[in-house]
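Trainee: I have a chain on my screen and some questions about it. Can we go through them one by one?

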Amino acid sequence: MEREVENVYYIRRRILLPVAVQRRNMEKVLEKHLDETFRLPGVAGVLCADENGLCLAAKGVAEKSAAGNIASIAKQAAQLHPNSSTPPVICIESETGSVLIKSEDDITMAIYKSSPT
């Protein structure tokens with residue numbers, strides 16, 4: 001029994017705690033980048049999703065529920081030019097603004113821009 005308790009303690013101290021710290025640091029870096037992007041003139045929202053469409057973060061008018069659609073649009077657009085060395089940038093425009101979408105390293109980012117009035 002003591003050996004099992006030692007093993008659990010070892011796993012917590014050597015594996016789980018460093019992973020939790022690393023995850024918190026990654027979240028801070030992501031939040032920093034989103035904040036910097038959100039502060040740019042004309043930006044009304046930003047959204048970041050993983051390759052499966054899971055929303056990692058969203059700010060402003062960007063809705064978390066759109067993450068799956070955003071990731072799907074990026075994947076579909078990449079299939080239009082499969083031999084391209086760089087991923088495409090997709091721009092969806094409407095009367096109220098535009099959304100710029102780009103994937104890089106299994107992360108998809110969408111920037112919502114408001115149209116000038």
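Mentor: Here are short questions and answers on this predicted model.

Trainee: In what order do the helices and strands run from the N terminus?
Mentor: Begin with the count. The chain has two helices and five strands. Read from the N terminus on, the elements run α-β-β-α-β-β-β.

Trainee: Which helix has the lowest confidence in the chain, and which has the highest?
Mentor: Take the whole chain as background. Its average pLDDT is 82, and 79% of the residues score at least 70. The lowest confidence falls in residues 2-38, at a mean of 63, and the highest in residues 67-80, at 95. Those are helix α1 for the lowest and helix α2 for the highest.

Trainee: Over which residues does pLDDT stay under 50?
Mentor: Look at the start of the chain. The model has four contacts beyond four places in sequence for this stretch. The stretch is residues 1-12.

Trainee: What share of the residues count as buried?
Mentor: A residue is buried when its relative accessible area is under 20%. The chain has 117 residues. Of these, the buried share is 22%.

Trainee: How much of the accessible surface belongs to carbon and sulfur atoms?
Mentor: Start from the total. The accessible surface of the chain comes to about 8,800 Å². The share of carbon and sulfur atoms is 55%.

Trainee: Is Leu56 buried, partly exposed or exposed?
Mentor: Place Leu56 before judging it. It lies in strand β2, residues 55-60. Its relative accessibility is 38%. That value lies between the cut-offs of 20% and 50%, so Leu56 counts as partly exposed.

Trainee: Which residues make a nonpolar surface patch with Leu56?
Mentor: The patch covers about 240 Å². Leu56 shares it with two partners, Leu54 and Ile107.

Trainee: Where is Asp105, and why does it count as exposed?
Mentor: Asp105 is found in the loop between β4 (97-104) and β5 (107-114). Exposed means over 50% relative accessible area. Asp105 counts as exposed because its relative accessibility is 69%.

Trainee: What is the phi of Asp105?
Mentor: Asp105 is a residue other than glycine, yet its phi is positive. The value is near 50°.

Trainee: What is the phi of Asp106?
Mentor: The loop between β4 and β5 also holds Asp106. Asp106 is exposed, with a relative accessible area of 54%. It is not a glycine, but its phi is positive, at about 65°.

Definitions and conventions:
Residues are numbered from 1 along each chain as its sequence is written. This is a predicted model: local features need pLDDT of at least 70, side-chain atom pairs count only at pLDDT 80 or more; totals for chains, interfaces and linings use all residues. Side-chain values use heavy atoms; hydrogens and water are left out. Patches are made of residues with over 30% relative accessible area and no salt bridge: like charges are joined within 9 Å, nonpolar side chains (Val, Leu, Ile, Met, Phe, Trp, Tyr) within 5 Å. Accessible areas come from the Shrake-Rupley method with a 1.4 Å probe; for residues, only the protein chains shown count as cover. A salt bridge is a side-chain nitrogen of Lys or Arg within 4 Å of a carboxyl oxygen of Asp or Glu. Helices (H or I, at least four residues) and strands (E, at least two) are DSSP runs, numbered from the N terminus. Buried means under 20% relative accessible area, exposed over 50%, partly exposed in between (1.4 Å probe, protein chains only). pLDDT is the predictor's confidence in each residue, from 0 to 100. Contact means heavy atoms within 4.5 Å.
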